[in-house]
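Here are some short exercises to work through with the model open beside you. Try each task before reading its solution.

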Amino acid sequence: MNRRKIIFKNVSLGVLYKALNLLAVFTTIPLLLNYLDTEQYGVWVTIFSIVNIIFFVDAGIGNGLKTKLSEALSLQDYSLAKTYISTAYLFISGIALIVLLIGSVFLFTIDWQELLNTSIKNEELKVVLGLILVMVVISFVLNIFKSFYYAAQQSSKVELALLIYQLLVLGIVFVLLQYFTRNLLYVALVYGISNISIGILFTIIFFRKNKNIRPSIKYFKKEKVNDLLGLSLAFFCIQLCMIVIFTTDNLVITNLIGPEEVTNYDIVYKLFQVVITVSVIAQDPFWALYTDAYQKKDYKWIRQTLNRLNKLFFIFIFIAIGLFFASESIIKLWIQRDLNISRNLLIFMAIFILVRVYGIIFMNFLNSIGKVKLQMWLYILGAIINLPLSIVFVTKFDLGSSGVILGTICSIIGLSIILPIQSYKILKKKAFEEENIIHG
C-alpha cells in the first residue's frame with residue numbers, strides 16, 4: 001500500500017472540494033439572511049442545530065463501523081466487511097425509529113416559542129421542527145455511507161458529497177429568494193430534501209463499485225452488534241458529551257440573550273470553522289491508514305506522521321491569528337451589513353479553533369485504534385462543566401455570547417493536553433514490545 005499516494009490524493013481532492021464547499025456555504029449565508037430576517041435566521045440556526053443532534057446518537061456505530069470495516073478491508077475479508085455493513089444498517093435503522101418516537105414526544109410537549117425566546121408562533125415552529133425531524137431521521141440512516149468511504153480510504157468522496165449537497169442548497173435558496181415569500185418551512189424542505197438526495201446518490205455509487213460487500217439481511221449477525229458496540233459504546237458516550245459541548249451553544253444564546261445574537265455568533269463561528277475544516281480534511285485520510293499501520297505494526301510511520309502534523313499545527317496558529325485581525329473586514333465584505341460583534345467573541349473563537357485542531361490530531365489516531373476510554377472520561381468531564389460554565393460566563397460575568405465559547409474552551413482543553421501524552425506512550429510501549437520480540 002502506497003500510503004503517501006493515498007494521503008496526497010485524498011487531501012488534495014478533499015481540499016479542492018472543501019474550498020468549493022466553503023465558497024458555496026459563504027455565498028448561501030447572505031442569501032439566506034436576505035430571505036429570512038435576523039430573528040428568523042437565528043431561530044433557524046438554533047432549530048437546525050437541535051435536530052442535527054440526531055446525527056450524534058448512532059450509539060457510536062458510525063465510528064465503530066469505520067474502524068472495524070477498515071480492518072476487514074485491510075485484511076481483504078469481504079465477507080466480514082459485508083457482515084459489518086449489514087449489521088450496522090439494521091442497527092441504525094432501529095435507533096432511527098426510536099429517535100423518531102422520542103423526538104415526536106418532545107415536539108408536542110415543549111413550548112418552542114418560549115424555549116427559543118422568539119415572536120414566531122409555536123404552531124409554526126412545531127410544523128418546521130416536525131418536518132425537519134422526519135427528514136433528518138431518514139438522513140441519519142443514509143449518512144452511514146460516509147463510514148464506507150472513510151474505511152475504503154476514499155475520504156475525498158465524502159467532501160465531494162458535501163460539496164454537491166451545499167451546491168444544491170445554494171441553488172434552491174437562490175430560487176426561494178427570487179420567487180417565494182419568506183417562510184421557515186421552505187428552508188427546512190431545502191436542507192432536508194438535499195441531504196436525503198445526496199445520501200441516496202452516494203450510497204448507490206459506493207455499492208455499484210463494491211458489489212461484493214453490498215448489505216443483505218442474511219448477513220446480519222447479532223454477535224457482530226456486540227463486536228461493534230464493544231468499541232462503539234465508548235464512541236457513543238463521547239458523542240453524547242459532544243452534543244452537550246458543541247451543539248447546545250445556540251440554544252443557550254437564544255434562551256439567555258435572544259435569537260438575534262445567535263446570528264452574530266453563527267457567522268463568526270462559520271468564519272473560524274474554516275480552520276477546523278481544513279484540519280479535518282488534512283487528517284481524514286489518516287484514520288484508515290493509522291488502522292492499517294497499527295495492524296501491520298508500523299509504529300515508526302505513525303510516530304513520524306504525528307510529528308509532521310505537530311509541525312503543521314504552527315501554520316494553523318498563524319492562520320488563526322491572521323483570521324482574528326482580518327475577521328471584522330471579512331465579515332462586513334461577506335455579509336454586506338454591519339453586525340455588532342464583540343472583540344471578546346473573536347478572541348475566544350480563535351483560541352477555541354486552535355485547541356480543537358490540536359486535539360483532533362491525536363483523537364484521530366486514538367480513535368482509529370480503538371483507544372478511546374481516556375478520551376471518553378475527558379469528554380464526560382467536559383460535558384458536566386460546559387453548560388454551568390457557559391451560563392455563569394454569560395449571566396454573572398456579562399460576557400454575552402463570547403462566554404458560551406469560553407465555556408466550550410474550558411470543557412475541551414484537557415483533551416488537547418492529555419491525549420498527546422497518551423498517544424506517544426502507546427507508541428513507545430508498542431515499539432519497545434516489538435523490539436523485544438525481534439531480539440528474542
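**Exercise 1. Find the residues that Tyr149 touches beyond its sequence neighbours, and decide whether Tyr149 is buried or exposed.**

Solution. This is a predicted model, so keep that in mind throughout.
- Step 1: Setting aside residues up to four places away in sequence, Tyr149 touches Gln154, Ser155, Lys157, Val158, Phe202, Ile205 and Phe206.
- Step 2: Place Tyr149 in the fold; helix α7, residues 145–151, contains it.
- Step 3: The relative accessibility of Tyr149 is 1%. The cut-off for buried is under 20%, so Tyr149 counts as buried.
- Step 4: Now look along the chain. Ser70 is 79 residues away from Tyr149 in sequence, and their C-alpha atoms are separated by 9.7 Å.

**Exercise 2. Repeat the analysis for Thr83: where does it lie, and what is it in contact with?**

Solution.
- Step 1: Thr83 belongs to helix α4, which covers residues 78–109.
- Step 2: Its relative accessibility is 6%, so Thr83 counts as buried.
- Step 3: Without the neighbours within four places in sequence, the contacts of Thr83 are Tyr219, Lys221 and Lys224.

**Exercise 3. Describe the largest nonpolar core and pick out the residues with the most contacts inside it.**

Solution.
- Step 1: The core holds 140 residues, and Trp44, Ile47, Phe148, Ile302, Phe352 and Tyr379 have the most contacts inside it.
- Step 2: Helix α15, residues 343–368, gives the largest share of this core, with 16 residues.
- Step 3: Take Phe352 as a case. Beyond its neighbours within four places in sequence, Phe352 is in contact with Phe246, Tyr269, Ile276, Ile405, Thr408, Ile409 and Ile412.

**Exercise 4. Summarise the whole protein: its helices and strands, its dimensions and its surface.**

Solution.
- Step 1: Count the secondary structure: 17 helices and zero strands.
- Step 2: Compare the radius of gyration with the globule rule. A compact globule of 440 residues would come near 22 Å, and the protein has 22 Å, so the two agree.
- Step 3: Add the extents of the C-alpha trace, which spans about 75 × 50 × 35 Å along its principal axes.
- Step 4: Check burial and contact range. Of the 440 residues, 55% count as buried. Among contacts between residues at least 6 apart in sequence, 84% join residues at least 24 apart.
- Step 5: Turn to the surface. The protein exposes about 19,800 Å², with carbon and sulfur atoms supplying 65% of it.
- Step 6: Finish with charge. There are 39 positive and 25 negative side chains, and the centres of the two sets lie 12 Å apart.

Conventions: Residues are numbered from 1 along each chain as its sequence is written. This is a predicted model: local features need pLDDT of at least 70, side-chain atom pairs count only at pLDDT 80 or more; totals for chains, interfaces and linings use all residues. Side-chain values use heavy atoms; hydrogens and water are left out. A nonpolar core is a set of buried Ala, Val, Leu, Ile, Met, Phe, Trp, Tyr and Cys residues joined through side-chain atoms within 4.5 Å. Buried means under 20% relative accessible area, exposed over 50%, partly exposed in between (1.4 Å probe, protein chains only). Helices (H or I, at least four residues) and strands (E, at least two) are DSSP runs, numbered from the N terminus. Contact means heavy atoms within 4.5 Å. The radius of gyration is taken over C-alpha atoms; the globule rule is 2.2 Å times the number of residues to the power 0.38. Accessible areas come from the Shrake-Rupley method with a 1.4 Å probe; for residues, only the protein chains shown count as cover. Lys and Arg count as positive and Asp and Glu as negative; His and the chain ends are not counted. The place of a charge is taken as NZ of Lys, CZ of Arg, CG of Asp or CD of Glu.
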